[in-house]
Structure formats: C-alpha cells, structure tokens
Amino acid sequence: MPTSDTAPRSQAPHRIRVVDAFTDRPFAGNPAGVLLLDAFPDDTWLQHVAREVNHAETAFAHRLPAGGEADWALRWFTPATEVDLCGHATLATAHVLHTTGAASGTVRFATRSGVLTATAHEDGSLTLDFPTAPLTATALPDGIAEALGAEPLAAYDTGRNVGDLLVELADEKAVRSLTPDHKALVRHSERGIIATAVAEDPSKGYDFVSRGFFPRVGIDEDPVTGSAHTALAPFWSERLGRTELTGLQASARTGLVRTRLRGERTLLTGHAVTVIEGDLFA
C-alpha cells in the first residue's frame, strides 16, 4: 500500500548508470549515479532516486535548447540533499555524454554554481573548468582537533561555492590515519572538512594528499572530491610554486585529480569508468 511519503512516479523506464570518477579502473575513484532526462521531474522524485542509488552524489541532466549559454542543465543530489557544486558527478556525467555519443568536444553545463564546462581528450580523460575557491585563513574552531582526531597546523575557509573548512595537517601519515568523530565534525563547517598534507614522496606520482568528510550532507567520507580540489589547487600551488599539480585523495578507494590553477578558474582532469548500466522503473 502506498505511504504518505511515496515520491510521485516519473515516466519510466530511465537509463541509469553508475560511473567511477577520477580513476581509470573499476571499483576505485568516486562512484556517481547518472541519469539523462528529458526534463527535471519533481524534486521529491530526484531526492528519492539519489537515496536509492545511495552514492555520494547522483547527477541529473537534461539537454537545453540550442543557442544558449549552456548545452545541458545539471543538478547533483546526495542521499540527503541537493548540493551546489560537485566535481566527480560532473566528470561522470560528461563521461556518459561522450561515451554514448550524446556530446563531443566541450560540454557546457548550467548549474547552481554557474556555467561549468567539461572537455574530452584523446586519451579518454576529461577536464572540468570550475571556479577557484577563495581561501581565507581562519582560527581553528574549538574542538576541531578532538573531532578530527589530529591537531591541524592551520585552517582556511573555502568560500560559498565549496563551503568546506580546509585544514592542513603535519604530514601524509597524519591524513591517512585520521579516524574522525563524524557527528562532532558537523559543527565545524557549512558542508564538510578537507584534511590535507604535502606528499611524503612525490616520486609516487602525486604532490599532496587529502581526505574529505561531509557528514552534514549525509556523506561521512567522500572517496574523491573534485570540488575540494578547487581549494586544494590554490593552497598547494602557492606553497609548492607550481600551477600544475596532482592530488591523491587517500580514501579507501583512492583517486587522482590533476589540477591546473588559472587565476579565478581551476582545471580538474581525470578519467572515469562506467561500471553499471540499467533501467530505472520508478
């Protein structure tokens, strides 16, 4: 029997895919659900689908009329809420558009964070063009060390679009060994906490490490957070003296994000792999 919170039924079936982003192999990187639609159904339905998919984000996109400033409208939902900016689900959506022949070259997305672009390359990688997060040094919040499980060296606000607290830790080992109190972390940022440190051995192919915790939006730890790298790129570019860097998000799944700082814009490059494709009957 239907319950009072049953979502309105959308026209079915819809083709749904799960794509691992910021990786070139299955079961790594960050998985995202991707649905290409004719239009956005009721928000309640979108949220129910994201909760059913139960990955960090599910992306919903539909084509826009030709001649406008963007080619596709794009929205992102966690299992708990809609978010303003998501890198890995944007990469996943661009991957689906290019691998299915729905788009080629550069795709422009109309989003809550303005027009974002994704450009495909011959090696199969994709580059996202995102706004650079403004970094503002801030005092360490009371209780952050206890909630995080490590004493940060410094903290930075990442601005409205990202909404995270970026904290620098002493070294890579400290980042990898974090066991935070997720309930306590909720008090310390608008969206989440990004913990980062310089790479212990850059010869391994990355310049810095990070981990991202987002319990406020229903994600205790995000496997690979593209949007966080719009803050990590300027942070580490200033310290390492280079505009092109590679970040390793040291989650259990891990993933690599190549960053290029271009003033007010940050380019994020990575691969993606489709791992599941099927029909959604709801």
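This report describes the overall fold, the nonpolar cores, the empty spaces and a few buried residues of one protein chain.

## Overall form

The model is predicted, and its secondary structure comes to seven helices and 18 strands. The radius of gyration is 18 Å, close to the 19 Å that the globule rule gives for 282 residues, so the protein is as compact as a globular protein of that length. Along the principal axes, the C-alpha trace spans about 50 × 45 × 30 Å. Of the 282 residues, 55% are buried. When contacts between residues at least 6 apart in sequence are considered, 63% of them join residues at least 24 apart.

## Nonpolar cores

In soluble globular proteins, nonpolar side chains tend to be buried together. Here the largest nonpolar core has 34 residues, and those with the most contacts inside it are F22, W76, L91, F109 and L128. Two or more residues of this core come from each of the strands β1 (14–21), β2 (30–37), β3 (57–63), β4 (72–77), β6 (106–111), β7 (114–120) and β8 (126–131), and also from α2. It is α2 that gives the most to this core, with six residues. For L91, once its neighbours within four places in sequence are left aside, the contacts are A21, F22, L126, L128, G270, H271 and A272. Apart from this core lies another, of 21 residues, which includes A155, L178, A195 and F213.

## Cavity and pocket

Rolling a probe the size of a water molecule over the atoms shows where empty space is left. The structure holds one cavity of 30 Å³ or more, and the largest cavity has a volume of about 100 Å³. Of the 14 residues that line this cavity, E57, R191, D222, T225 and S227 are the closest to its centre. The elements that give two or more residues to the cavity lining are α2 (87–99) and β14 (219–222). The helix α2 thus appears in two settings, as an element of the cavity lining and as the one that gives the most to the largest nonpolar core.

The largest pocket has a volume of about 230 Å³. Its lining consists of 16 residues, and F22, T23, D24, G255 and L256 lie nearest its centre. Two or more lining residues come from each of β15 (244–249), β16 (255–262) and β17 (265–270), with β16 giving the most, at three residues. F22 is named both among the residues nearest the pocket centre and among those with the most contacts inside the largest nonpolar core.

The make-up of the two linings by residue class is set out below.

| Lining | Volume | Nonpolar | Polar | Charged |
|---|---|---|---|---|
| Largest cavity | about 100 Å³ | six residues | five residues | three residues |
| Largest pocket | about 230 Å³ | four residues | eight residues | four residues |

## Three buried histidines

H14 has its place in strand β1 and, at 14% relative accessibility, counts as buried because the limit for that class is under 20%. Beyond its neighbours within four places in sequence, H14 is in contact with L35, L37, W45, G278, D279 and L280.

H62 lies in strand β3, and its relative accessible area of 13% makes it buried as well. Leaving aside neighbours within four places in sequence, the contacts of H62 are L37, D38, A39, F40, D71, W72 and A73. L37 is therefore a contact of H62 as well as of H14, under the cut-off of heavy atoms within 4.5 Å.

H95 is found in helix α2 and counts as buried at 11% relative accessibility. With neighbours within four places in sequence again set aside, H95 is in contact with V19, L126, A272, V273 and T274. Both L126 and A272 are contacts of H95 and also of L91. The C-alpha atoms of H95 and P79, which are 16 residues apart along the chain, are separated by 22 Å.

## Helix α7

Nine of the twelve residues of helix α7 (residues 229–240) are buried, so this helix is largely enclosed by the rest of the structure. The buried residues in α7 are H229, T230, A231, L232, A233, P234, F235, W236 and S237. After α7 comes G241, whose phi is positive, near 75°.

Notes. Residues are numbered from 1 along each chain as its sequence is written. This is a predicted model: local features need pLDDT of at least 70, side-chain atom pairs count only at pLDDT 80 or more; totals for chains, interfaces and linings use all residues. Side-chain values use heavy atoms; hydrogens and water are left out. On a 1 Å grid over the protein atoms alone, a cavity is a set of points where a 1.4 Å probe fits but cannot get out, and a pocket is an open set with protein on both sides within 12 Å along at least five of seven lines; lining residues have an atom within 4 Å of a point. Grid points are joined across faces, edges and corners, and a volume is the space filled by probe spheres set on the points. Helices (H or I, at least four residues) and strands (E, at least two) are DSSP runs, numbered from the N terminus. Ala, Val, Leu, Ile, Met, Phe, Trp, Tyr, Cys and Pro count as nonpolar, Asp, Glu, Lys and Arg as charged, and the others, Gly among them, as polar. A nonpolar core is a set of buried Ala, Val, Leu, Ile, Met, Phe, Trp, Tyr and Cys residues joined through side-chain atoms within 4.5 Å. Buried means under 20% relative accessible area, exposed over 50%, partly exposed in between (1.4 Å probe, protein chains only). The radius of gyration is taken over C-alpha atoms; the globule rule is 2.2 Å times the number of residues to the power 0.38.
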